[in-house]
Each structure stands twice: as C-alpha cells, then as structure tokens.
Amino acid sequence: MKLLLNLAKAQVIISRKFDRLSTHGIGFSDFALLYLLYQTPAGKLRRIDLAEQTGLTASAVTRMLAPLEKIGLVARESHARDARVTYAVLTETGKTLFEDALVTANATARDIISNDNAKSLKPLTDILVG
C-alpha cells in the first residue's frame, strides 16, 4: 500500500513540476494527449485508443479533447466507413505547439530525473510499463 500511495504522491509532484507547460497554453494532461498523437505516423488515434493508452475513460478523453479542439490543436475526424468511430487528429498548429512544449517538457524531465537516476529507475519503469 505504501508503494501505491508514494506513486500517487509522485504523480502529483510531477504534474506540479510540469506546470511550466502553461507558458505554451496547455497543461500536463493536454501535453500527454498531444504526445500520444504526435507519436503516431498519421498524427491521429481513435478516441478509444487514446483512452486505453492514458488509462482514462472514453468520455474523459472526449472532455479533455474539447478545449484542444476549440483552440485548433486537435481536430475531430470521422471514420470513412463507420460513423461510430471518431479520431482525434493533431493539427499543424497542434504539432508546432507540441514541438515547442516538448522542449520545455524535456527540460522539466531532466530537472526531475538526472541521467544517473534514470538508469537506476529502469527496474521501476519495467514494472510500470509492462
């Protein structure tokens, strides 16, 4: 139980450190969604896939995407053959903003975890990822 409570505390602390992303007009959760979209070859994912990759519900992902759509960072795209399926698509504006925010995020990550510490955290990363 102590490990799980400490992981929850670490998540809060990490999120707070990533408040620097606000200089780009986004928060840590927004950055995480943009990161996942940026990593795909087409810059788009089904909303249900975003939910699965973030551990959120599909409705939570939809609520998180709404403001990103409103400011033009993400667009909604319908599936050509199945009207029930919608994609979240990273726009060019979103891509540019993400690339700028990534510089800030990488600097923040380096502040949180040094290269020496990153190596010692590999076993924990392996447990959490897989």
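Axes here are lines fitted to C-alpha atoms, for helices over the stretch in contact, and the angles between their N-to-C directions run from 0 to 180 degrees. Keep that in mind for the helix stops on this tour of a predicted model.

**Stop 1: helix 2 and helix 4.** Select helix 2 (28-39) and helix 4 (residues 58-70). Their axes come within 11 Å and cross at roughly 85°. Angles of 65 to 115 degrees count as roughly perpendicular, so helix 2 and helix 4 get that label. Now show side chains: Ser-29, Asp-30, Leu-33 and Leu-34 from helix 2 touch Met-64, Leu-65 and Leu-68 from helix 4. Colour that contact by class and you'll get five nonpolar residues, one polar and one charged.

**Stop 2: helix 3 joins in.** Keep helix 4 on screen and add helix 3 (residues 47-54); the two axes cross at roughly 110° and come within 9 Å. Helix 3 and helix 4 are therefore roughly perpendicular too. On the helix 3 side, pick Arg-47, Ile-48, Leu-50, Ala-51 and Thr-54; on the helix 4 side, pick Ala-58, Val-61, Thr-62, Leu-65 and Glu-69. This contact has six nonpolar, two polar and two charged residues.

**Stop 3: the core.** Which residues have the most contacts inside the largest nonpolar core? Select Ile-26, Leu-34, Leu-50, Leu-65 and Val-74; the core has 23 residues. Helix 2, helix 3, helix 4, strand 3 (86-90) and helix 5 (92-112) each supply at least two of its residues, and helix 2 gives the most, with five. Zoom in on Leu-50: leaving aside neighbours within four places in sequence, Leu-50 is in contact with Leu-33, Leu-36, Leu-37, Leu-45, Val-61, Leu-65 and Ala-88.

**Stop 4: strand 3.** From Ala-88, select the rest of strand 3. Buried or exposed? Five of its five residues are buried, so strand 3 is largely enclosed by the rest of the structure. In a regular strand, side chains alternate between the two faces of the sheet. Look at one side for Thr-86, Ala-88 and Leu-90, then flip to the other for Tyr-87 and Val-89; both faces are covered.

**Stop 5: the partners of strand 3.** Add strand 1 (residues 44-46), which runs antiparallel to strand 3 and is joined to it by three bridges. Then add strand 2 (residues 74-78), which pairs with strand 3 in the antiparallel sense over five bridges. Finish by centring on Tyr-87: Arg-46 has Tyr-87 as its bridge partner in strand 3, and Glu-77 stands opposite Tyr-87 as well.

Methods: Residues are numbered from 1 along each chain as its sequence is written. This is a predicted model: local features need pLDDT of at least 70, side-chain atom pairs count only at pLDDT 80 or more; totals for chains, interfaces and linings use all residues. Side-chain values use heavy atoms; hydrogens and water are left out. Helices (H or I, at least four residues) and strands (E, at least two) are DSSP runs, numbered from the N terminus. Angles under 35 degrees count as roughly parallel, over 145 as roughly antiparallel, 65 to 115 as roughly perpendicular and the rest as oblique. Contact means heavy atoms within 4.5 Å. Ala, Val, Leu, Ile, Met, Phe, Trp, Tyr, Cys and Pro count as nonpolar, Asp, Glu, Lys and Arg as charged, and the others, Gly among them, as polar. A nonpolar core is a set of buried Ala, Val, Leu, Ile, Met, Phe, Trp, Tyr and Cys residues joined through side-chain atoms within 4.5 Å. Buried means under 20% relative accessible area, exposed over 50%, partly exposed in between (1.4 Å probe, protein chains only). Two strands pair if DSSP finds at least two bridges between them.
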